[in-house]
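Here's a quick tour of the structure shown below. Have a look at it first, then read on for the contacts.

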Protein chains: 2
Amino acid sequence: MDVVTEAEDRLDRAFMALADPVRRAIVARLSRGPATVNDLAEPFAITKQAVSKHIQVLEQAGLVSRSKDAQRRPAHLVPEALEQLTAWIDTYRLTTESSFRRLDAVLAGLDTDVTTHNTERK
Amino acid sequence: MDVVTEAEDRLDRAFMALADPVRRAIVARLSRGPATVNDLAEPFAITKQAVSKHIQVLEQAGLVSRSKDAQRRPAHLVPEALEQLTAWIDTYRLTTESSFRRLDAVLAGLDTDVTTHNTERK
DNA sequence: TCTATATTCAATCAAAAGGTTGATAAAGGA
DNA sequence: TCCTTTATCAACCTTTTGATTGAATATAGA
């Protein structure tokens, strides 16, 4: 697997992880400090096993890592992972202004700017 | 449904929408200008019906909106939606530094700072 | 050692997601 | 009007996801 695909895969897992409301709540909770499975399970009407799975999903996505404290395994956020997510979004957010200028050009019938992009299709 | 839940719901749909690699690729493509279903379907080994569904998901998430041009319905990004996503992430990203200070305090046995947060549980 | 606490593994299940094919609708152009 | 293009609707299928219950593992403490 090449570097590009690997980076895509990490994004996949990260966005996928945050797509669940329970996991997003876990992230919000962890932003105020580390917490164990028991801590995290309490606010939700789900079993601890389910929470444990959610943490594993967040962990595999690189958003969370865990330390060891006796039989407890407190989870905490990995700030770099969240930064990479905003970086991805910003990549496409920053260019939207110019793309709208291009849209306006198209609607005005001046499609030369766009066709330079369209040549790659078809 | 109250305001808080509604905002949560929008986040749900937005993250869920970006959790799919095809939809993320669509967003990337749209950042370079509006495109039709046919345009967007071409790079992928899936049917146009599938792409149409993906666009609808992005649309319901508020990330994309569509205009009308004869029988075509070109899609384009809604920049504000992406901004709201980064805003959510930043909310929890910014506090991580202080929460790590708190973690250090815990590991050092000075848990007074954390218990003030823990009182709300149990 | 025996027990309580914290967490995970395994098997199972219902619901949702992503995809397909086939039929339908809407708009322009020959 | 007929045909082509563009897009969507509808029904269906397969895989994945989120959750559950029950058993197992690991560690601390009496």
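## Around DNA strand D

A residue counts as near a strand if one of its heavy atoms lies within 4 Å of it. On that basis, DNA strand D is surrounded by 23 residues, and the closest are A:Gln49, A:Lys53, A:His54, B:Ser52 and B:Arg66. This is a predicted model, where local features need pLDDT of at least 70, side-chain atom pairs count only at pLDDT 80 or more, and totals for chains, interfaces and linings use all residues. Side-chain values use heavy atoms, with hydrogens and water left out.

As for what the protein touches, 69% of the atoms of DNA strand D within 4 Å of the protein belong to sugar or phosphate, the rest to bases.

## Individual polar contacts

Polar contacts here are pairs of N or O atoms within 3.5 Å; within protein, one must be able to donate a hydrogen and the other to accept it, and residues adjacent in sequence count only if both atoms are side-chain atoms. A:Lys53 goes for a base: one of its polar side-chain atoms is 2.8 Å from a base nitrogen of DNA strand D. Phosphate oxygens of the strand get a polar side-chain atom of B:Asn38 at 2.9 Å and an N or O atom from the side chain of A:Lys68 at 3.5 Å.

## Charges over rings

Now for Arg over Trp (a charge sits over a ring if NZ of Lys or CZ of Arg is within 6 Å of the ring centre and within 35 degrees of the ring normal). A:Arg24 lies over the face of B:Trp88, 5.9 Å from the ring centre. B:Arg24 has its charged end over the ring of A:Trp88, at 5.9 Å from the centre.

Methods. Residues numbered from 1 in each chain as written. Chains lettered and ligands numbered in written order.
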